[in-house]
Amino acid sequence: QIFVLQLFKTLHRTGQQVFKNDARALEAARIKINEEFKSNKSETSPKKIEELIKIGSDVELLLRTSVIQGIHTDHNTLKLVPRKDLLIENVPYCDAPTQKQ
């Protein structure tokens with residue numbers, strides 16, 4: 001039960017960070033999180049609860065690591081607003097395999 005409440009709070013916090021300054025997205029995220037938890041609140045199967053917690057954790061990770069806000073600046077332009085935790089060092093890919101010594 002503690003894991004479920006912790007996940008609920010974490011999802012809401014992540015939603016607030018990811019959709020910061022976007023009232024429509026914030027409200028939609030809040031409603032969706034609440035609906036999903038409410039629709040499964042009477043679940044008693046430990047296996048199903050574990051499954052749902054895994055799905056919720058995956059969603060939180062996906063939101064936190066993959067969602068970038070975009071703002072329409074004019075008709076055909078979108079300005080991306082990445083959060084600091086998304087800006088990671090880019091390591092170049094090497095096509096040529098290295099020889100082991």
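This briefing covers the aromatic contact, the main pocket and the salt bridges of the structure above. The model is predicted. It holds one aromatic pair and five salt bridges, and its largest pocket takes up about 700 Å³. Two residues recur below: Phe37 and Glu36 are among the residues closest to the centre of that pocket.

**Aromatic pair**

- The structure's one aromatic pair is formed by Phe8 and Phe37, with ring centres 5.0 Å apart.
- The planes of Phe8 and Phe37 stand at 75 degrees, so the pair is edge-to-face, the cut-off for that class being over 60 degrees.
- Phe8 belongs to helix α1 (residues 2-18) and Phe37 to helix α2 (residues 23-39), so the contact ties together parts 29 residues apart in sequence.
- Phe8 is partly exposed, at 26% relative accessibility.
- Phe37 is also partly exposed, at 23%.

**Largest pocket**

- The largest pocket has a volume of about 700 Å³ and is lined by 24 residues.
- Closest to the centre of the pocket are Leu11, Ile33, Glu36, Phe37 and Leu52.
- Helices α1, α2 and α3 (46-66) each supply at least two lining residues.
- Helix α3 gives the largest share of the lining, with seven residues.
- By residue class, the lining divides into 16 nonpolar, four polar and four charged residues.

**Salt bridges within helix α2**

- Glu36, listed above at the pocket centre, forms a salt bridge with Lys32 at an N to O distance of 2.9 Å.
- Both Glu36 and Lys32 lie in helix α2, four residues apart, or about one turn of the helix.
- Glu36 is partly exposed at 38% relative accessibility, and Lys32 is partly exposed at 46%.

**Salt bridges within helix α3**

- Glu51 and Lys48 meet in a salt bridge with an N to O distance of 3.9 Å, where the cut-off is 4 Å.
- Glu51 and Lys48 sit three residues apart in helix α3, about one turn of the helix.
- Both ends of this bridge are partly exposed, Glu51 with a relative accessible area of 42% and Lys48 at 32%.
- Glu60 pairs with Arg64 in another salt bridge, the closest N and O atoms being 2.9 Å apart.
- Glu60 and Arg64 are four residues apart in helix α3, again about one turn.
- Glu60 has 8% relative accessibility and therefore counts as buried, the limit being under 20%.
- Arg64 is partly exposed, with a relative accessible area of 32%.

Key
Residues are numbered from 1 along each chain as its sequence is written. This is a predicted model: local features need pLDDT of at least 70, side-chain atom pairs count only at pLDDT 80 or more; totals for chains, interfaces and linings use all residues. Side-chain values use heavy atoms; hydrogens and water are left out. Rings of Phe, Tyr and Trp (its six-membered ring) pair if their centres lie within 6.5 Å; planes under 30 degrees apart count as stacked, over 60 as edge-to-face and the rest as tilted. Buried means under 20% relative accessible area, exposed over 50%, partly exposed in between (1.4 Å probe, protein chains only). On a 1 Å grid over the protein atoms alone, a cavity is a set of points where a 1.4 Å probe fits but cannot get out, and a pocket is an open set with protein on both sides within 12 Å along at least five of seven lines; lining residues have an atom within 4 Å of a point. Grid points are joined across faces, edges and corners, and a volume is the space filled by probe spheres set on the points. Ala, Val, Leu, Ile, Met, Phe, Trp, Tyr, Cys and Pro count as nonpolar, Asp, Glu, Lys and Arg as charged, and the others, Gly among them, as polar. A salt bridge is a side-chain nitrogen of Lys or Arg within 4 Å of a carboxyl oxygen of Asp or Glu.
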